Structure formats: structure tokens, C-alpha cells
Amino acid sequence: MSGGSHTAVLSEQAVEGLNVRSDGCYVDCTFGRGGHSRMILARLGAAGRLLALDRDPQAVAAGGEIDDGRFRILHGRFGRLAELAAGAGLARADGIVLDLGVSSPQLDDPARGFSFRHDAPLDMRMDPGSGVSAAEWLASASETEIREVIRNHGEERFAKQIAAAIVAARARGPVATTRQLAAIVATAVRTREPQQNPATRTFQALRIHVNQELEELSLALPQCVELLGPAGRLVVISFHSLEDRIVKRFLRDKARTDHLPRRLPVRARDLPRPVLHLVGRAVRASAAEVAANPRARSAVMRVAEKSVPE
């Protein structure tokens with residue numbers, strides 16, 4: 001069973017940003033439960049095509065329930081976009097969307113181990129059949145490695161104390177469940193942010209690390225640009241400052257007209273055209289959307305279009 005539901009954040013804005021053509025070819029790199037994909041399909045004509053990807057087998061199973069000849073879903077990480085698209089016979093895309101981070105069904109399923117709200121095995125893998133779980137990583141990582149992951153990926157100011165507490169706890173036995181880890185973190189965090197569990201940042205950091213989310217994003221963005229045809233649109237929705245920083249810098253660099261030294265005597269018309277140009281400003285969810293879906297609070301959407309050769 002696919003199970004679970006998920007409300008796609010900034011879905012209307014994302015599909016508007018794609019500027020969907022009825023006969024175009026599009027890629028949804030993060031199918032989830034199909035919120036963006038279904039909206040894209042609704043705008044496609046008979047000649048249109050949509051390829052969806054997801055690393056979570058449950059999401060792929062949910063995609064298998066869409067009975068539409070224009071649609072195909074593949075199991076895989078978006079860091080393998082070029083390979084997966086080529087295998088599906090897709091040489092060019094008119095638009096690509098990435099909705100980053102964890103989905104509601106992953107958070108809400110206790111067995112997945114993403115949340116401290118339920119006591120469950122400490123897994124956190126988006127693809128449970130691949131890689132090592134959070135519990136396995138914590139069992140073998142050094143105190144320094146744990147501290148750096150929690151500090152760098154969770155932006156946690158008590159990373160040193162949390163890492164020491166985890167290492168001390170695992171000396172007494174495996175840190176194997178979500179509630180166990182949350183309790184360990186609670187003893188190490190001296191002050192709490194209002195309305196936030198003290199383990200929030202640690203869980204976020206471990207999830208990002210276990211799934212190599214930032215590395216996957218850095219791998220995927222150049223592949224997206226390469227796959228886009230002229231005037232093709234790239235839409236990225238981030239939920240974390242580290243993700244958005246990667247996206248913002250990548251798009252900015254690709255939208256620059258040149259990397260030449262300042263004051264070099266070169267005419268503007270002789271400079272190479274930038275690979276991308278930015279479409280509008282960063283978009284955030286409205287107060288109404290945040291009220292209806294609190295997950296939208298941290299969402300940032302950025303859109304860029306591939307330049308048309310002269």
C-alpha cells in the first residue's frame with residue numbers, strides 16, 4: 001500500500017512557474033504523493049509527457065496508481081536524473097520541479113523513524129532498502145563526526161553536548177529508537193526554543209546526513225540545467241536554509257553574464273549569454289497556506305529559465 005497523504009507546498013505557484021505547455025515534456029523529481037504531478041498532468045494535452053522520480057518505494061507505489069499513458073514514474077534519487085531520464089528516453093525537458101525535504105507520509109509513518117512523536121526504530125532512510133540507517137550510523141560514527149553533522153546540518157548550538165551524550169549513551173547499549181534518541185538529546189540541551197522539541201534540530205541533521213540530501217541536490221542541479229531545452233523552466237522548493245543557499249548560489253552563478261575580471265575592456269554584446277535567467281523573486285507561502293499547512297512556513301521557491309540561443 002502506498003499509504004499516507006501529502007499536501008504539496010506552493011503547488012499552484014510551482015506549476016505556474018513551470019509555464020506548462022500542453023505538448024511539453026516535464027520532470028517531477030520528487031513525486032511524493034503526486035500533488036505537483038497531478039496538476040501538471042491536468043495542464044498537459046494528449047502529446048504531453050511527464051516523468052516522475054522518487055527514491056521512496058512507497059511514493060513509487062503511489063505513483064503506480066496513476067493510470068495515464070502520458071505519465072511514468074521511476075524509482076531513483078534525483079541525483080541520478082541524467083541517467084534515469086536517458087533510460088526513459090527523455091532527451092530534453094520543458095520544465096523540471098524539485099520539492100525538497102521530507103514528505104508528510106514519511107514523517108507520519110512511525111515505522112520510518114523520521115519523527116520523535118512516535119517510538120520506532122531509528123531509521124530515517126527515504127529508501128529503506130539502500131544505505132545505512134541513522135541507528136547504524138550513530139553506532140559507528142566518532143564523537144567528532146556526530147558533532148559536526150549535528151552542528152552543520154542542524155545548525156544546533158548544543159551539538160558538542162549532544163554528541164557527547166550520544167556517545168556516552170551508546171557505551172551502555174545501542175541507540176536504536178526515536179524516543180531513546182530524543183530523550184538523550186533532551187538531557188543535553190540546556191534551553192529550548194519556544195514550541196520546539198529540543199531534538200528537532202538533531203533529527204533534522206541526521207535525516208539530511210543519512211540521505212545525503214545536500215549532496216544529492218548539488219549533483220542534481222547541473223543535470224537539471226543540462227536536461228532543460230531552450231526556455232525550459234526549473235522550479236525548486238526548499239524547506240531549509242542550507243538547501244536554499246545551495247539553490248540560490250547555483251542559480252545566481254548560472255544567471256551571471258560573465259566571470260571576467262572587472263574593468264576588462266569587453267563590450268556587453270560580446271559577452272557570452274548566461275545559461276539561465278531568474279524568473280521573478282523568491283516566493284514564500286501566504287499566511288493562509290501556512291495556517292492550513294504549517295510545513296509551508298519555511299518554504300522558499302525559486303524559478304529560473306534556460307536561455308534561448310541567439
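The largest pocket of this predicted model has a volume of about 1000 Å³. Of the 24 residues that line this pocket, L107, T200, Q204, R207 and R297 are the closest to its centre. Three elements each give two or more residues to the lining: α5 (104-108), α10 (200-210) and α12 (241-254). The largest share comes from α10, which supplies 5 residues. By class, the lining of the largest pocket comprises 7 nonpolar, 9 polar and 8 charged residues.

The second largest pocket holds about 240 Å³ of space. Its lining is formed by 16 residues, and those closest to the centre are R55, S130, G131, V210 and N211. The lining of this second pocket divides into 4 nonpolar, 7 polar and 5 charged residues.

Helix α10, which gives the largest share of the lining of the largest pocket, merits a description of its own. This helix is mostly covered, with 8 of its 11 residues buried. The buried residues are T202, F203, A205, L206, R207, I208, H209 and V210. Two of these names have already appeared: R207 is among the residues closest to the centre of the largest pocket, and V210 is among those closest to the centre of the second largest pocket. The partners against which the buried residues of α10 pack are α6 (134-140), α7, α8 (159-170), α9 (178-188) and α11 (213-227).

One of these partners, α7, can be followed in detail. Two packed helices are described by the angle between their axes and the distance between the axes. For α7 (residues 143-154) and α10, the axes come within 8 Å and cross at roughly 100 degrees. Because angles of 65 to 115 degrees count as roughly perpendicular, α7 is roughly perpendicular to α10. On the α7 side, the contact is made by V149, I150, H153 and G154. On the α10 side, R201, T202, Q204, A205, L206, I208 and H209 take part. The residues of this contact divide into 5 nonpolar, 5 polar and 1 charged.

Q204 thus belongs to two descriptions: Q204 is among the residues closest to the centre of the largest pocket, and Q204 also takes part in the contact with α7. Several residues of the contact, including T202, A205, L206, I208 and H209, are buried in α10.

The end of the helix completes the account. Just after α10, Q212 takes a positive phi of about 50 degrees.

Terms used
Residues are numbered from 1 along each chain as its sequence is written. This is a predicted model: local features need pLDDT of at least 70, side-chain atom pairs count only at pLDDT 80 or more; totals for chains, interfaces and linings use all residues. Side-chain values use heavy atoms; hydrogens and water are left out. On a 1 Å grid over the protein atoms alone, a cavity is a set of points where a 1.4 Å probe fits but cannot get out, and a pocket is an open set with protein on both sides within 12 Å along at least five of seven lines; lining residues have an atom within 4 Å of a point. Grid points are joined across faces, edges and corners, and a volume is the space filled by probe spheres set on the points. Helices (H or I, at least four residues) and strands (E, at least two) are DSSP runs, numbered from the N terminus. Ala, Val, Leu, Ile, Met, Phe, Trp, Tyr, Cys and Pro count as nonpolar, Asp, Glu, Lys and Arg as charged, and the others, Gly among them, as polar. Axes are lines fitted to C-alpha atoms, for helices over the stretch in contact, and angles run from 0 to 180 degrees between N-to-C directions. Angles under 35 degrees count as roughly parallel, over 145 as roughly antiparallel, 65 to 115 as roughly perpendicular and the rest as oblique. Contact means heavy atoms within 4.5 Å. Buried means under 20% relative accessible area, exposed over 50%, partly exposed in between (1.4 Å probe, protein chains only).
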